[in-house]
Amino acid sequence: MRTPVLLDVDTGVDDALAILFAVGHPRIELLGITCVAGNTSLDNVVENTLRVLDIAGAPDLPVAGGALRPLIEPPRPSHVHGADGLGDLTSEAEFASRSRRSRDERHAVDLLRDLLLDAPEPVTVVALAPQTNLALLLRQHPELAPRIERILFMGGSASVGNATPVAEFNVWHDPEAAAIVLDSGVPAFMYGLDVFNQVTVAEPDADDLAASPRASARLAGRLLHFRMADDPDAVSPAQDSAAATPASQDIAPYSGHIGDAGALCALVDPGALRVERHPVRVELAGFARGQTIVDRRQRTGEDAVHAAAHPRAGALPQPVEVDVTLDVDRERYARLFLDTIALLP
Ligand code: BDR
Ligand code: CA
């Protein structure tokens with residue numbers, strides 16, 4: 001049986017890997033893709049997404065542009081994924097041509113609304129980007145929440161962050177949006193940094209892909225070779241005792257992270273994950289803004305005991321319960337990724 005899926009992306013090197021996976025996997029029925037500014041500008045995200053669908057040999061499906069910026073923060077495209085958001089691959093002849101597909105004229109929120117209304121059964125939304133489009137949808141059309149089976153999102157962390165010491169990029173980029181989505185009542189499944197950073201494809205496998213006669217495999221191989229500037233395995237200047245050495249020389253040449261594609265592995269093979277259900281809040285203020293506070297305590301804390309005597313604490317809304325992924329069988333997902341890419345034309 002195939003799972004109907006709507007993808008929300010900010011393509012993005014690893015979003016591109018996820019799109020290849022979604023097109024290739026026989027148990028995913030990709031209904032449409034909505035785009036949001038995040039890893040790069042909205043125009044780049046849309047163009048990158050269309051290009052990847054071409055290379056994947058995907059059937060026609062609607063791709064719409066959505067939010068140009070977070071709900072409150074100014075636009076702030078990241079440069080971690082290269083100037084084009086696709087690891088600068090679009091400057092190479094093989095990947096330079098613009099897509100033959102055209103962007104759906106509807107705004108992402110309208111496309112999501114229409115596809116949810118058209119679907120005969122509730123749809124899984126896989127969110128691989130800042131959740132601005134989804135927050136706008138759920139604020140504008142709260143009546144559609146029951147038509148969403150669940151939101152499986154790449155974002156957050158139960159431990160360290162990447163955008164800040166405690167905040168993961170997608171949640172940090174638009175914390176209010178993530179909070180609105182979590183509080184919407186739609187069941188949420190968090191594929192956070194705790195697992196995101198673990199799944200890698202070995203370099204010889206990426207080399208084989210990059211040398212493949214199939215364009216989809218070549219793209220996957222090249223993307224796996226792109227080293228994001230915020231890669232957790234990179235040596236930071238602060239850790240470098242030879243401070244005179246430019247940090248770029250310290251970055252190992254290969255990492256092979258499948259990144260956002262892991263969230264789609266979680267959709268089709270949840271058995272490879274350790275998942276726990278915990279209350280999760282998004283911190284909206286101060287230095288920890290954008291942190292997902294995952295309450296993993298085993299017993300009631302002093303805060304609950306004294307809430308009645310401290311009206312401010314008592315006034316906080318109850319955090320929602322979220323399925324949080326804490327560990328992954330990394331070899332199993334790397335293999336699943338490679339097996340799925342092998343199915344593409
Ligand atoms: C997330 O941010 C982006 O860099 C990636 O595409 C991923 O969705 C990781 O924090
Ligand atoms: Ca992403």
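## Ligand site and helix packing

Ligand 1 is surrounded by Asp-14, Asp-15, Asn-39, His-81, Leu-128, Met-154, Asn-162, Glu-168, Phe-169, Asn-170, Phe-196 and Asp-260, where a residue is near a molecule if one of its heavy atoms lies within 4 Å of it. This is a predicted model, in which local features need pLDDT of at least 70, side-chain atom pairs count only at pLDDT 80 or more, and totals for chains, interfaces and linings use all residues. Residues are numbered from 1 along each chain as its sequence is written, chains are lettered from A and ligands numbered from 1 in the order in which they are written, and side-chain values use heavy atoms, with hydrogens and water left out.

Polar contacts of the ligand (pairs of N or O atoms within 3.5 Å; within protein, one must be able to donate a hydrogen and the other to accept it, and residues adjacent in sequence count only if both atoms are side-chain atoms) are listed below.

| Ligand atom | Partner: N or O atom in the side chain of | Distance |
|---|---|---|
| oxygen atom of ligand 1 | Asp-14 | 2.6 Å |
| oxygen atom of ligand 1 | Asn-162 | 2.9 Å |
| oxygen atom of ligand 1 | Asp-260 | 2.7 Å |

Helices (H or I, at least four residues) and strands (E, at least two) are DSSP runs, numbered from the N terminus. Helix H1 covers residues 13-24 and helix H2 residues 42-56; their axes are 10 Å apart and at an angle of about 40 degrees. Axes are lines fitted to C-alpha atoms, for helices over the stretch in contact, and angles run from 0 to 180 degrees between N-to-C directions. H1 is therefore oblique to H2; angles under 35 degrees count as roughly parallel, over 145 as roughly antiparallel, 65 to 115 as roughly perpendicular and the rest as oblique. The crossing of H1 and H2 is right-handed, a crossing being left-handed if the near helix is turned anticlockwise from the far one by less than a right angle, and right-handed if clockwise. On the H1 side the contact (heavy atoms within 4.5 Å) uses Ala-16, Ile-19, Leu-20 and Val-23, and on the H2 side Thr-49, Val-52, Leu-53 and Ala-56. Seven of these residues are nonpolar, one is polar and none is charged; Ala, Val, Leu, Ile, Met, Phe, Trp, Tyr, Cys and Pro count as nonpolar, Asp, Glu, Lys and Arg as charged, and the others, Gly among them, as polar.

H1 also packs with helix H10 (residues 215-225), at an angle of about 150 degrees and with axes 10 Å apart, which means that H1 is roughly antiparallel to H10. This crossing is left-handed. Val-13, Ala-16, Leu-17 and Leu-20 of H1 meet Ser-216, Leu-219, Ala-220, Leu-223 and Leu-224 of H10; by class there are eight nonpolar, one polar and no charged residues.

Helix H5 (residues 132-140) and helix H7 (residues 175-182) have axes 8 Å apart, at an angle of about 50 degrees, so H5 is oblique to H7. Their crossing is left-handed. H5 contributes Thr-132, Leu-134, Ala-135, Leu-138 and Arg-139 to the contact, and H7 contributes Ala-177, Ile-180 and Val-181. Six nonpolar, one polar and one charged residues make up the contact of H5 with H7.

Two backbone features lie in loops. Thr-11 and Gly-12 are joined by a cis peptide bond with omega about -5 degrees, and Gly-12 is in the loop between strand E1 (3-9) and H1. Asp-88, although not a glycine, has a positive phi of about 65 degrees; Asp-88 sits in the loop between strand E3 (63-65) and helix H3 (93-96).
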